[in-house]
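Trainee: I would like to look slowly at one part of this model and then see how that part sits among its surroundings. Could you take me through it in one connected account?

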Amino acid sequence: MTRQAVQEAVPDVRAPALPSPPGAPARGRMAYWPTLACLAVLLCAAYLARRHWPTVEHGAQRLAVADPGWLLVGAAAAVCTWGASALAQQGAVPRRLPGGRLVAAQFAACAANHLVPAGLGAGAVNLRFLMRCGLSAGRSAGALAVKATAGATVRLVLIAALAPLCPGLLRVPRVSPAALAAVLGAAALLAVVLAGPLRPRCYRALASVLPEIRAVHACPARVAALWGGSLAFAVLHCLVLLSVCQAVGLPLPPYQVALLYLAASGAAALLPTPGGLGSLDAALALGLTASGAPAATAASAVLGYRLLTVWLPLLPGLAVLALLVRRKAL
């Protein structure tokens, strides 16, 4: 009787173990992708630093003797950007989100954004977080679209407000006829694609976003959180750069530095690199240098801004991302 019971129990014990081996490699690959992406970003950064080593070396030397008080102000502003992003995200959704996990998700999204091009990393992290909080996929995507639209609108308004204070600073670059023809051709092709195969999807996406926008603006508290958080996020990033510029003694007015940052970050968004790596750095350094700042001082300012907003929080942000995934918060 005992032997028969044991024989009947053996298949039940072994059966659950059969599906495990095929799934194990897939889970291993999923666990390795953040490390591989981080190594790829670090290799790209090392390549860019090696290519422009004299400028980077001079900038690092100047940053090493910079005013530590102003650098601490910049670091505090960089930390506050995660809270501002969390506030804007809270304003874009109807239900109350867990505050601690929301801020942690923004910290993790910031790190993921520097591993995947065009902001896809931050979008994926926030999408998973909102869905874990009980929102449907459609509502989560709509909330992200509302937040992104508010952020872009705030930046345009700030540029329009600061541009009159710096006449002639933002100049439309000269474009060759061939480049203009290429841009117009690409725009025409995009219009044809959107009006053709993608037209139903565009209508569905717009139909899902418009109710979210109306729902947000029907509640004053959500309006204040969305627009206030978006404004604080942009202003705090400007404050980080301004603090680093003060620390290295960059001789430009604060409003001019803020305008250059807003314009450079908008231009860098057109080139989908992870976290604007390379594109934002080049646009920002070029704008500061063209405005009269010495090349070494401009390089140190850009290097310090990147250090506070990207390189120092990168590994802790990836650790928080892994912790959130392990606790099934993402």
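Mentor: What follows looks closely at helix H6, and then moves outward to the parts around it.

This is a predicted model, in which local features need pLDDT of at least 70 and side-chain atom pairs count only at pLDDT 80 or more, while totals for chains, interfaces and linings use all residues. Residues are numbered from 1 along each chain as its sequence is written, and side-chain values use heavy atoms, with hydrogens and water left out.

As a setting for H6, the protein has 13 helices and 0 strands, where helices (H or I, at least four residues) and strands (E, at least two) are DSSP runs numbered from the N terminus. Buried residues make up 36% of its 330 residues; buried means under 20% relative accessible area, exposed over 50%, and partly exposed in between, with a 1.4 Å probe and protein chains only.

Helix H6 covers residues 120-132, and its 13 residues reach 18 Å from the first C-alpha to the last, close to the 18 Å expected at 1.5 Å a residue (the expected span is 1.5 Å times one less than the number of residues). Its buried residues are Gly121, Ala122, Val125, Asn126, Phe129 and Leu130. Seen down the axis of H6, these buried residues fall within an arc of 155°, so they line one face of the helix; the arc is that of the directions from the helix axis to the C-beta atoms. The general background is that an α-helix has 3.6 residues a turn, so residues three or four places apart point the same way. Just after H6, glycine 134 takes a positive phi of about 105°.

The cover over the buried residues of H6 includes helix H4 (68-91), helix H5 (99-113), helix H7 (137-162) and helix H13 (295-326), and two of these covering helices repay a further look.

In H5 we find alanine 108, which counts as buried because its relative accessibility is 0%. Leaving aside neighbours within four places in sequence, alanine 108 is in contact (heavy atoms within 4.5 Å) with Gly317, Val320, Leu321 and Leu324. Alanine 108 and leucine 314 are 206 residues apart in sequence, yet 8.7 Å apart in space, C-alpha to C-alpha. For the protein as a whole, 76% of the contacts between residues at least 6 apart in sequence join residues at least 24 apart.

In H13, arginine 306 forms a salt bridge with aspartate 281, the closest N and O atoms being 3.0 Å apart. Aspartate 281 lies in helix H12 (residues 279-290) and arginine 306 in helix H13, so the pair ties together parts that are 25 residues apart in sequence. The rule asks for a side-chain nitrogen of Lys or Arg within 4 Å of a carboxyl oxygen of Asp or Glu, and by it the count comes to 1 salt bridge. Arginine 306 counts as buried, because its relative accessibility is 6%.
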